[in-house]
Each structure stands twice: as C-alpha cells, then as structure tokens.
Amino acid sequence: MDIVLLIIGLLCMLVGVLGSFLPVLPGPPISWVGLLLLYLTKAVPENWTLLIFLLVVALTITILDYIIPAAGTKKFGGSKYGIWGSILGLLVAIFFPILGPFGIIIWPFIGALVGELIHNSDQKRALKAAFGSFIGFLTGTFLKFLVTLVYLGLFVWKAVEYGPELFTFSA
C-alpha cells in the first residue's frame, strides 16, 4: 500500500508543478496532497505540525495568486480585461507553443495588452495596464512554482530518507 501512496503522491507533486503554470489547476494544494499521501505511508512518521503549516502556505499562495494580478493591474491602471487577456495568452502559450519556451512570457503580455486595448483605446494607458497585469501574473506564477518546487524537494528528500522502509516487499 505504501508504494501506491508513494506513486499517487509523486503524480500529485508533478501535477502540482504543472498547476503552478496552468490557471485551471491549483498547483500548491495538489502538491500538498502529494506530501500528505507520502506522510500517510507506514514508513514516513507523521508530522501534522509540518503538514498543517504547509497546507496554510499552499492555501495562502493560492489565494494570493488571485489577488496579486488584480493588484498589479489596478496599480498600473488596468482592468479585468487585462487579467483575462493575460490568462488567455498563457493558454495560447501552453497549447500553441509558437514561440517555444519564450511564449510562456510573451503571450500573457500580448494577451493583457490586447485585453486592455479592447477595454481602453488609449495605447499608452493600455500598455501600462498590460505591463501591470503581466507583472502581477508573473509574480503569482513564480510564487506558485517556487512553493511546488519546495514541496517536490521535500517529497523527494523524505522518499529517499525513508526509501528502505518504503520499498520493503514482504509477503
């Protein structure tokens, strides 16, 4: 049973890292579930204090991910159109990787700019608002990615530390 929990936990960790970039998946909470599954094995001793702390971090980062882009957009005079444009730009980058790895940065900015131009015809103001939305989006994404990488590192560290106990096969 420990092997099943370990495998499902690892899958949650990988989906969580992907979820730090994909707006439809809550990356940090999914990664936290992966850690929880690891700690539910018989091999890894329970540490509820750590798990609750990491859950609070995951939920806080997830909530901030919704607040930071809006705050960046608002600070630079933008609208919801810029935020939605940034999200649509990210989806374009993911499903149509025309610009390769640079697309993950360029397309959200283009999307935010187009969204702001649709909302506001003043190009200078739209560019400033798109920049704010883009910076907010990148900040939120970076924080989610950082948290999921830390969780993945903790997962691997504990899996290696308790590897002999996790991989005992008794009849």
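Me: In this predicted model, which residue meets Asp65 in a salt bridge?
Reply: Side chains of opposite charge can pair when their charged atoms come close. Here the N to O distance is 3.1 Å. A salt bridge needs a nitrogen of Lys or Arg within 4 Å of a carboxyl oxygen of Asp or Glu. The partner of Asp65 is Lys144.

Me: How many residues apart are Asp65 and Lys144?
Reply: The pair links distant parts of the chain. Asp65 sits in helix 3, and Lys144 sits in helix 6. Their separation is 79 residues.

Me: Is Asp65 buried or exposed?
Reply: Buried means under 20% relative accessible area. Asp65 has 17% relative accessibility, so Asp65 counts as buried.

Me: What is the relative accessible area of Lys144, and is Lys144 buried or exposed?
Reply: The cut-off for buried is under 20%. Lys144 falls under that cut-off and is therefore buried. Its relative accessible area is 7%.

Me: How many salt bridges does a search of the whole structure find?
Reply: One joins Asp65 and Lys144. Another joins Lys158 and Glu161, with the closest N and O atoms 3.3 Å apart. The search of the whole structure gives two.

Me: Where do Lys158 and Glu161 lie?
Reply: The two residues are three apart in the chain. That spacing is about one turn of the helix. Both lie in helix 6.

Me: Which class, buried or partly exposed, fits Glu161?
Reply: Its partner Lys158 has a relative accessible area of 14% and is buried. Glu161 has a relative accessible area of 38%. Partly exposed runs between the 20% and 50% cut-offs, so Glu161 is partly exposed.

Me: What is the volume of the largest pocket?
Reply: Rolling a probe the size of a water molecule over the atoms shows where empty space is left. For the largest pocket, the volume is about 380 Å³.

Me: Which residues lie nearest the centre of the largest pocket?
Reply: The lining has 23 residues. Helix 2, helix 3, helix 4 and helix 6 each supply at least two of them. Nearest the centre are Pro23, Asp65, Tyr66, Ile87 and Lys144.

Me: How many residues in the lining of the largest pocket are nonpolar?
Reply: The lining is sorted by class. Six of its residues are polar and two are charged. The nonpolar count is 15.

Me: Is Tyr66 buried or exposed?
Reply: Tyr66 is placed in helix 3. Its relative accessibility is 62%. Exposed means over 50%, so Tyr66 counts as exposed.

Me: How far apart in space are Tyr66 and Pro45, C-alpha to C-alpha?
Reply: In sequence, Tyr66 and Pro45 are 21 residues apart. In space, C-alpha to C-alpha, the distance is 34 Å.

Me: Which element gives the largest share of the nonpolar patch?
Reply: The patch covers about 1,100 Å², and its residues include Tyr81, Phe95, Leu99, Phe102 and Ile110. Two elements give two or more residues, namely helix 4 (80-95) and helix 5 (103-119). The largest share is five residues, from helix 5.

Me: Where is Leu99 placed?
Reply: Leu99 is one of the residues of the nonpolar patch. At 36% relative accessibility, Leu99 counts as partly exposed. Its place is the loop between helix 4 and helix 5.

Me: What is the C-alpha to C-alpha distance between Trp84 and Glu116?
Reply: Trp84 is in helix 4. With 56% relative accessibility, Trp84 counts as exposed. Trp84 and Glu116 are 32 residues apart in sequence, and their distance in space is 9.5 Å.

Me: How far apart in space are Leu35 and Ala159?
Reply: Leu35 belongs to helix 2. Leu35 is buried, at 0% relative accessible area. The sequence gap to Ala159 is 124 residues, and the C-alpha to C-alpha distance is 10 Å.

Me: Is Gly132 buried or exposed?
Reply: Gly132 is in helix 6. C-alpha to C-alpha, Gly132 and Ala112 are 9.0 Å apart. Gly132 has 0% relative accessibility, so Gly132 counts as buried.

How values were computed:
Residues numbered from 1 in each chain as written. Predicted model: local features only at pLDDT ≥ 70, side-chain atom pairs only at ≥ 80, totals over all residues. Heavy atoms only, no water. Patch = residues over 30% accessible without salt bridge, like charges linked within 9 Å, V, L, I, M, F, W, Y side chains within 5 Å. Areas by Shrake-Rupley, 256 points an atom, 1.4 Å probe, with all protein chains shown as cover. Salt bridge = Lys/Arg side-chain N within 4 Å of Asp/Glu carboxyl O. Helix = DSSP H or I, 4+ residues; strand = E, 2+ residues; numbered from the N terminus. Buried < 20%, exposed > 50% of the residue type's maximum accessible area, 1.4 Å probe, protein only. 1 Å grid on protein atoms, 1.4 Å probe; cavity = no way out; pocket = protein on both sides within 12 Å on 5 of 7 lines; lining within 4 Å. Points joined across faces, edges and corners; volume = space filled by probe spheres on them. Nonpolar A, V, L, I, M, F, W, Y, C, P; charged D, E, K, R; others polar.
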